[in-house]
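Me: Please give me one close, connected look at a single part of this structure, beginning with the surroundings of one side chain and working inward from there. I would like each term explained where it first matters.

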Amino acid sequence: LDLDALGTAVSKIEQRHTGLRSRMTLVDGEPVVTILPTGSICLEVIECTDETDAAMDDRVAALRSEGFDLAAGPLIRFVLLRRNEWRHRLVIVLHHIVSDGWSMRLLTDELSELYSAAVEHREPVVPVLEAQYSDYAKRQRDQDAQGNFDAGLAHWADRLRSPLPDFSLTSADRPQGRVPADRFVFDIDDDLVTAIASRAAE
């Protein structure tokens with residue numbers, strides 16, 4: 001892993017997506033978004049030399065459960081857990097207010113391309129951003145002020161006013177409990193790493 005290239009990729013993600021540098025405060029009881037300056041999001045590196053898989057899992061779980069201070073921001077964290085020169089885990093934790101499942105895929109794809117470009121000393125192939133999320137939010141506010149959402153709001157207010165049918169989110173024929181989502185952990189043994197490196201060199 002090229003640590004400098006990963007840091008560069010994280011920095012470029014921060015520069016490209018201003019919404020990730022958001023912080024949320026209340027002014028006169030109303031929510032206000034402030035964009036923090038570049039340099040607010042950094043790659044944190046934690047050395048985990050010779051830790052077991054279970055210990056690494058515990059670290060990931062702790063990072064995932066650590067809260068965010070909405071008023072301080074930023075609302076994303078990049079943490080690299082380094083076990084040794086060849087084994088790492090990159091943990092990206094975002095507050096849902098700045099991301100969802102669809103945008104998370106875009107973020108990881110961009111991060112991968114930015115990292116590869118930094119390693120290969122070339123320009124990254126990433127889409128030109130024609131607007132930031134704040135531009136989209138402003139368009140939504142403008143449309144709302146013009147009454148463009150009134151018909152849809154009236155429709156759903158009417159539909160939800162009537163009694164809704166009862167339903168249950170549990171079932172006796174399905175196992176209950178938390179199931180982690182969007183998390184894939186796997187190990188590759190040294191022989192396979194060597195074979196892949198050899199094939200890639202051909």
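Reply: Leaving aside its neighbours within four places in sequence, Arg16 is in contact with Glu110, Val126, Pro127, Leu129 and Gln132, where contact means heavy atoms within 4.5 Å. This is a predicted model, in which local features need pLDDT of at least 70 and side-chain atom pairs count only at pLDDT 80 or more, whereas totals for chains, interfaces and linings use all residues. Residues are numbered from 1 along each chain as its sequence is written, and side-chain values use heavy atoms, with hydrogens and water left out.

Arg16 belongs to helix H1, which covers residues 3-16; helices (H or I, at least four residues) and strands (E, at least two) are DSSP runs, numbered from the N terminus. With a relative accessibility of 16%, Arg16 counts as buried, since that word applies under 20% relative accessible area, while exposed means over 50% and partly exposed lies in between, with a 1.4 Å probe and protein chains only. Another residue of helix H1 is Gly7, which at 28% relative accessibility counts as partly exposed. The C-alpha atom of Gly7 is separated by 5.9 Å from that of Leu43, although the two residues are 36 apart along the chain.

From Ile13 the view leads into the interior. Setting aside neighbours within four places in sequence, Ile13 is in contact with Leu20, Phe78, Leu107, Glu110, Leu111 and Leu114, so that Glu110 appears in the contact lists of both Ile13 and Arg16. Ile13 is also among the residues with the most contacts inside the largest nonpolar core, together with Leu20, Ile76, Phe78, Leu81 and Leu111, and this core has 27 residues. A nonpolar core is a set of buried Ala, Val, Leu, Ile, Met, Phe, Trp, Tyr and Cys residues joined through side-chain atoms within 4.5 Å. Two or more of its residues come from each of H1, S3, H2, S4, S5 and helix H3 (101-120), and the greatest contribution is that of S4, with 5 residues.

Strand S4 therefore deserves a closer look: it spans residues 76-82, and 6 of its 7 residues are buried, so the strand is largely enclosed by the rest of the structure. It has a parallel partner in strand S3 (residues 43-47), to which 5 bridges join it, strands being counted as paired if DSSP finds at least two bridges between them. In this pairing Glu47 stands opposite Arg82 of S4. Together with helix H2 (residues 53-65), S3 and S4 make a right-handed β-α-β unit; the crossover is called right-handed if, with the strands pointing away from the viewer, the path from the first strand over the helix to the second runs clockwise. S4 also pairs with strand S5 (residues 88-94), here in the antiparallel sense and over 7 bridges. Phe78 is opposite Ile92 of S5, and a hairpin of 5 residues leads from S4 to S5.

The loops that lead into and out of this unit carry some backbone details of their own. In the loop between S3 and H2 lies Asp50, whose phi is positive, at about 60°, although it is not a glycine; at 66% relative accessibility Asp50 counts as exposed. Further along, the loop between H2 and S4 holds Pro74, and the peptide bond from Gly73 to Pro74 is cis, with omega near -15°.

The cysteines on either side of S3 can be set against each other. Cys42, at 53% relative accessibility, counts as exposed, whereas Cys48, at 1%, counts as buried. A search of the whole structure finds 0 disulfides, a disulfide being a pair of cysteine sulfur atoms within 2.5 Å.

Strand S1 (residues 22-27) includes Met24, which is buried, with a relative accessible area of 19%. Apart from neighbours within four places in sequence, Met24 is in contact with Val32, Val33, Leu70, Ala71, Leu75 and Ile97. Its C-alpha atom is 7.7 Å from that of Ala72, a residue 48 places away in sequence.

As a setting for this part, the chain comes to 6 helices and 5 strands, which follow the pattern α-β-β-β-α-β-β-α-α-α-α along the sequence. Of its 202 residues, 22% are buried, and among contacts between residues at least 6 apart in sequence, 59% join residues at least 24 apart.
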